[in-house]
Amino acid sequence: MRCPDCPRTHPVIGPDGPSSSNILFVGERPGKEENSRGRPFIGQTGRECNEHYLPIAGLSRDNVRFTNSVKCYSVDDVGKDAFKKRLKSCSSFHLAREIEYQKPELIVPMGAVATSIIGCDLGMDHGTPINADWFGTTIKTFPMYHPASGLHDASAMIPLRNDFIALGQFLRGELVMPFDEYQTSFNTAAEEDPPITHILLSKTREA
Ligand code: URA
């Protein structure tokens, strides 16, 4: 299946990881290695996540799901406006269906592209749990910097590590949702929504 704006030049790379997981990490788009091997986050950035960042939050690749905002590789040759159009077409087609199927309790959009889907300001809001509207459904969301940022710029590793430390605190119930204290413009939580205290890793563990 392809979205209406798909260039149809490269494979559509779907999610990776158990659909029973309660957590969905959303990146930008597949890289070269992902494109040739058909799975998201299996190149250098994915290895960094598996070996370095996920363990900081007390997570392992086996119990979370990874996907991308844009599902195919061939988007770097288009201009900014064309990319925005493609992001909208692709994400509202594929990502919306993936979320509907998995029903994650928490979404972790990583980087400016994934966080732009919910209209949040990455610089202001990274490392903070919010409620955000994902294609018409309000879902707990933890925006953070993209894990590739630390590959290109060593100083970017510090805020990135801090985001994963904060994510771990949130998962253990040590951070409260900010809507208890203030309401951000994109925070769609109703006043009466209960504050979340912890996220179970897998839906099967709820039983
Ligand atoms: N690999 C992916 O699949 N997505 C990214 O955003 C980066 C690397």
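Start by selecting serine 20, which counts as partly exposed at 28% relative accessibility. That label fits because partly exposed covers the range between the 20% and 50% cut-offs. Keep in mind as you click around that this is a predicted model. Where along the chain is serine 20? Look in the segment before strand S1, the strand that runs over 23-27.

Keep serine 20 highlighted and add glutamine 102. The two are 82 residues apart in sequence, yet their C-alpha atoms are 6.8 Å apart in space.

Now step back to aspartate 16, which also has its place in the segment before S1. Buried or exposed? Check aspartate 16. With 14% relative accessibility, aspartate 16 counts as buried, because the cut-off for buried is under 20%. Show its side chain together with that of arginine 61, and you'll find a polar contact between the two side chains at 3.0 Å.

Next, hop over to helix H4, residues 111-116, and pick out threonine 115. This one counts as buried, with a relative accessibility of 1%. What does its side chain meet? Turn on the backbone of glycine 111: its oxygen lies 2.8 Å from a polar atom of the threonine 115 side chain.

Time for the ligand. Display the pockets if your viewer can do that, and you'll see the ligand sitting in the largest pocket. Which residues surround it? Select Gly27, Glu28, Arg29, Pro30, Glu34, Pro40, Phe41, Asn68 and His146. Colour that shell by class and you get 3 nonpolar, 3 polar and 3 charged residues.

Zoom in on a few members of the shell, and have your distance tool ready:

- Glutamate 34: a polar atom of its side chain lies 3.0 Å from a nitrogen atom of the ligand.
- Phenylalanine 41: here it's the backbone to look at, with a polar atom 2.9 Å from an oxygen atom of the ligand.
- Histidine 146: go back to side chains for this one, where a polar atom is 2.8 Å from a ligand oxygen.

How much of the ligand does the protein bury? Taken alone, the ligand exposes 240 Å², and the protein buries 92% of that. To see this for yourself, switch on the protein surface and look for the ligand in the largest pocket.

How values were computed: Residues numbered from 1 in each chain as written. Predicted model: local features only at pLDDT ≥ 70, side-chain atom pairs only at ≥ 80, totals over all residues. Heavy atoms only, no water. Near = heavy atom within 4 Å. Polar contact = N/O pair within 3.5 Å; in protein donor to acceptor, adjacent residues only side chain to side chain. Areas by Shrake-Rupley, 256 points an atom, 1.4 Å probe, with all protein chains shown as cover. 1 Å grid on protein atoms, 1.4 Å probe; cavity = no way out; pocket = protein on both sides within 12 Å on 5 of 7 lines; lining within 4 Å. Sits in = over half its atoms within 2 Å of the grid points. Nonpolar A, V, L, I, M, F, W, Y, C, P; charged D, E, K, R; others polar. Helix = DSSP H or I, 4+ residues; strand = E, 2+ residues; numbered from the N terminus. Buried < 20%, exposed > 50% of the residue type's maximum accessible area, 1.4 Å probe, protein only.
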